[in-house]
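User: I'm new to reading structures, and I'd like a close look at a single part rather than a quick tour. Please pick one spot, walk me through it slowly, and then show me how it compares with what goes on elsewhere.

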Amino acid sequence: MAKQIREKSQLAIKLKNLRKDKGVTSEEVASAIGVKSSTYRRYEIDTNPKKETYLSLAKYFGVTVDYLMGVNSDVLKLESESTYNQNEDELGKLSEIEVMFIKKLRSISGEDLLDVSEYLHNKKNIK
C-alpha cells in the first residue's frame with residue numbers, strides 16, 4: 001500500500017516559517033511555550049494546539065492569534081510586550097472605561113483572553 005502524503009495545514013506552514021525567521025529550533029519554541037518538543041513538532045506537521053497554546057505561540061512569535069488561526073492572512077507583527085506596558089501618564093489619555101478594560105484584559109487567563117479576542121473579532125459592529 002502506498003503511503004498517503006497529507007498536505008500541511010496553514011498553521012503548520014506558518015509556525016515553521018515563523019520559527020525559521022526567528023532562527024530557533026523546535027525544541028527552543030517548545031520549551032518557551034511550555035510543551036514537549038514532540039508536541040510542538042506535531043504542530044508543524046498537522047496537529048492543532050489547544051486554545052491557550054495559540055496565545056502562547058502568538059506571544060512567542062510576536063504575531064496575532066488571528067493570524068495563526070487563519071482568520072487574518074496578514075502577518076501583524078506585534079511590538080514587544082514592554083511597548084504595551086504603559087505608564088500612568090499614557091493611560092491618563094484613555095477614558096475610564098478604556099483603562100478599566102485594559103486592566104481587566106491584563107489580568108485574565110490566556111484562554112479567557114482568547115475567548116474575548118474571538119468575541120470581539122466576531123462582533124458585527126466592531127471593524
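Analyst: Let's start with Ile 97, which counts as exposed because its relative accessibility is 60%, and the cut-off for exposed is over 50%. Keep in mind as we go that this is a predicted model.

So where are we on the chain? Ile 97 sits in helix α8. Now look around it on the surface: Ile 97 belongs to a nonpolar patch, together with Met 100, Phe 101, Tyr 119 and Leu 120. Add up the accessible area of those five residues and you get about 490 Å². Two elements each supply two or more residues to the patch, namely α8 (96-107) and α9 (110-122). Helix α8 gives the largest share, with 3 residues.

Let's zoom out for a moment. The protein has 9 helices and 0 strands, so if you read the elements from the N terminus on, you just keep meeting α after α. There are 127 residues, and 24% of them count as buried. The accessible surface of the whole protein comes to about 9,300 Å², with 51% of that belonging to carbon and sulfur atoms.

Now for the contrast: what does a buried residue look like here? Try Val 63, in the loop between α4 (51-61) and α5 (65-69). Val 63 has a relative accessibility of 1%, so it counts as buried. Its C-alpha atom is 9.2 Å from that of Leu 18, although 45 residues separate the two along the chain. On links of that sort in general, take the contacts between residues at least 6 apart in sequence: 46% of them join residues at least 24 apart.

One more stop, and this one has a charged side chain. Arg 19 is part of helix α1 (residues 10-22). Is Arg 19 buried or exposed? It counts as buried, because its relative accessibility is 12% and the cut-off is under 20%. A polar atom of the Arg 19 side chain lies 3.3 Å from the backbone oxygen of Val 24. Which residues does Arg 19 touch, leaving out those up to four places away in sequence? They are Val 24, Thr 25, Ser 26, Val 29, Tyr 40, Glu 44 and Phe 61.

Put the three side by side: Ile 97 is exposed at 60%, Arg 19 is buried at 12%, and Val 63 is buried at 1%.

Notes: Residues numbered from 1 in each chain as written. Predicted model: local features only at pLDDT ≥ 70, side-chain atom pairs only at ≥ 80, totals over all residues. Heavy atoms only, no water. Helix = DSSP H or I, 4+ residues; strand = E, 2+ residues; numbered from the N terminus. Buried < 20%, exposed > 50% of the residue type's maximum accessible area, 1.4 Å probe, protein only. Polar contact = N/O pair within 3.5 Å; in protein donor to acceptor, adjacent residues only side chain to side chain. Contact = heavy atoms within 4.5 Å. Patch = residues over 30% accessible without salt bridge, like charges linked within 9 Å, V, L, I, M, F, W, Y side chains within 5 Å. Areas by Shrake-Rupley, 256 points an atom, 1.4 Å probe, with all protein chains shown as cover. Salt bridge = Lys/Arg side-chain N within 4 Å of Asp/Glu carboxyl O.
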